[in-house]
Amino acid sequence: YVKGLIDKLSMERLLSKEEFISLLKDYSEEDAKYSKEIARQIAGKYFENQVYTRGLIEFTNYCKNDCYYCGIRRSNTNVTRYRLTKEDILNCCEQGYTLGFRTFVLQGGEDTKYSDRDMVEIITAIKQGYPDCALTLSLGEKSFEAYEMYKKAGADRYLLRHETANEEHYKQLHPSSLSLHNRKQCLWNLKKLGYQVGTGFMVGSPYQTAEALAEDFLFIKELSPAMVGIGPFLPHHDTPFKDFEKGSYELTLYLISLLRLMLPNALLPATTALGTIHPLGREAGIQAGANVVMPNLSPVRVRKQYELYDNKICTGDEAAECKMCLQSRMRKIGYEIVTARGDFVPFLEA
Ligand code: SAM
Ligand code: FES
C-alpha cells in the first residue's frame, strides 16, 4: 500500500493529508529503500551526478529570539557572542571564491545591531566584488520593506525554514513572541519579491507528529519553494529541549526522498545536521535525492560559537579542508561538486 503511495507521489507530485500520514506512519524499511531509489533517479534526471555547493558564512550569533531548540537563543548566557564586520565577510567570500564557490549564504541570528542599511551595504559590497555569484540570505523574519531593500541591493535567494506548519506544534517550539502566521507571511512576501525561496523543518523536533509532518508537506507544496532544507533535530545542552531525543537519521533520509518525489527540480541540501547525526549522513542524503551541500566559510576562530546543537561537525576545519573533504566524499559515491551558481530552474514538462 505504501509503495503505491510512493508511486502516486512521484507521478502526481501530491497526496492528500490522509495519504501523507499513512506514508509517514506505515512505511517499512523496504518502502524507504524504494523511495530513495526513485528519488535518486529523479535527481539524476535533472542534475546528473552534479552537486551544487554553497559557502555558508555565519556572520553573527547574537539573536533576539528565544526558540526552545536553538543553542544561540537569547536566554543562553553561556554563549560567547560574536559579530563579523563587512571586511571579515568579504574575506570569507574571497577565500570561498578561490575555492570555487559561486553562491554565498549569509546566515545569522536575528541581530538588531545590523540595521537594514548595514545589511544593504554588505549585500552591495558582496555583489560588487563577486558579480558572478549568487547571494542567499538567512536572517530570519523581517518586514516586507526590509526584504525589498535587500532584493534591490542584489540578494538572490532567502532561506527561512517554516519549522513546522502545525499551529499548535509551532507554539510548542517557540515562545509566544513568534507566530507561524508571521513566519508564513514572510515566506509569501519573499516569493512576491522574486527571491528564490527556501523553507524547511527539523525532523524529530519535540512534539512532532505524523500529522504535523503531513501538514509540512502540504504547506511546502502550496508554497512551491525553490529550496527545502531539512535535517534532524539535535539537542543542545543549554536549551529547554536538552533532554529530548534527537531526530531519526533514517526518517530524515526517507523524508528527503519524499521531497524529491514531490518537487523533482528543487534544490535540496544534505545538511550539516545530517552530517552530524551520522558520519556518512551527507553522502546518504545525496543518495536519497539531495543535490546541494553547504560547507562552512566562517572564520575558524568563531566556528564553535555558532553552536545551534551539540557536536556540530567541521567546527575546527578551514574552509579549504572542508571543500577538499566534501569533494572526496562526493567522488567516493560517484558525484562531483561543481563550480556553478546552481540556480533554481523552474519546471519544464519533459
Ligand atoms: N535566524 C535565522 C532563522 O531563524 O531563520 C537563521 C539561523 S537559524 C539558527 C537556522 C536553522 O537552524 C533554523 O531554521 C533551525 O531549523 C535550525 N536549528 C536550530 N536549532 C537546531 C537544533 N537544535 N537542531 C537542528 N537544527 C536546528
Ligand atoms: Fe568539513 Fe569534512 S566537510 S571536514
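User: Where does Thr-164 lie, and what makes Thr-164 count as buried?

Analyst: In this predicted model, Thr-164 lies in the loop between strand 5 (157–159) and helix 7 (167–173). A residue is called buried if 20 or more other C-beta atoms lie within 10 Å of its own, and Thr-164 has 26 C-beta neighbours inside 10 Å, so Thr-164 counts as buried.

User: Which residues does Thr-164 touch, not counting those up to four places away in sequence?

Analyst: Thr-164 touches His-169, Tyr-170, Leu-173, Phe-201, Ser-205, Gln-208, Ala-212 and Asp-216 when residues up to four places away are not counted. In addition, the C-alpha atoms of Thr-164 and Phe-219 are separated by 9.3 Å, although their positions lie 55 residues apart in the sense that they are 55 residues apart along the chain.

User: Why is Val-197 called buried?

Analyst: The cut-off is 20 or more other C-beta atoms within 10 Å, and because Val-197 has 24 C-beta neighbours inside 10 Å, Val-197 counts as buried. Val-197 has its place in strand 6 (residues 196–203), and, leaving aside neighbours within four places in sequence, Val-197 is in contact with Tyr-158, Leu-187, Leu-190, Lys-191, Pro-225 and Ala-226. Val-197 and Thr-136 are 61 residues apart in sequence and 9.2 Å apart in space, C-alpha to C-alpha.

User: How do you know that Ile-126 is buried?

Analyst: Ile-126 has 23 C-beta neighbours inside 10 Å, which is set against a cut-off of 20 or more, and therefore Ile-126 counts as buried. Ile-126 is found in helix 5 (residues 116–129), where, apart from neighbours within four places in sequence, Ile-126 is in contact with Leu-90, Cys-93, Phe-104 and Leu-135.

User: Asn-311 and Cys-314 each have a place in the loop between helix 13 and helix 14; why is Asn-311 called partly exposed, and what makes Cys-314 buried?

Analyst: A residue is partly exposed when its count falls between the exposed limit of 12 or fewer and the buried limit of 20 or more. Asn-311 has 13 C-beta neighbours inside 10 Å, so Asn-311 counts as partly exposed, whereas Cys-314 has 20 other C-beta atoms within 10 Å and is therefore buried.

User: What is notable about phi in Asn-311 and Cys-314?

Analyst: Phi of Asn-311 is near 60°, a positive value in a residue other than glycine, and phi of Cys-314 is near 65°, again a positive value in a residue other than glycine. Most residues other than glycine have a negative phi.

User: Why is helix 1 called oblique to helix 10?

Analyst: The axes of helix 1 (residues 2–12) and helix 10 come within 7 Å and cross at roughly 40°. Angles under 35 degrees count as roughly parallel and those from 65 to 115 as roughly perpendicular, so the crossing makes helix 1 oblique to helix 10. Ile-6, Leu-9 and Ser-10 in helix 1 meet Leu-258, Leu-261 and Met-262 in helix 10, and by class this contact has 5 nonpolar, 1 polar and no charged residues.

User: Which residues touch the most other members of the largest nonpolar core?

Analyst: Ile-57 and Leu-259 touch the most other members among the 98 residues of this core, to which helix 10 (residues 249–262) gives the most, with 8 residues. Leu-259 touches Val-228, Ala-266 and Leu-268, not counting residues up to four places away in sequence.

Terms used:
Residues are numbered from 1 along each chain as its sequence is written. Chains are lettered from A and ligands numbered from 1 in the order in which they are written. This is a predicted model: local features need pLDDT of at least 70, side-chain atom pairs count only at pLDDT 80 or more; totals for chains, interfaces and linings use all residues. A nonpolar core is a set of buried Ala, Val, Leu, Ile, Met, Phe, Trp, Tyr and Cys residues joined through C-beta atoms within 7 Å. Helices (H or I, at least four residues) and strands (E, at least two) are DSSP runs, numbered from the N terminus. Two residues are in contact if their C-beta atoms, placed from the backbone, lie within 7 Å. Axes are lines fitted to C-alpha atoms, for helices over the stretch in contact, and angles run from 0 to 180 degrees between N-to-C directions. Angles under 35 degrees count as roughly parallel, over 145 as roughly antiparallel, 65 to 115 as roughly perpendicular and the rest as oblique. Ala, Val, Leu, Ile, Met, Phe, Trp, Tyr, Cys and Pro count as nonpolar, Asp, Glu, Lys and Arg as charged, and the others, Gly among them, as polar.
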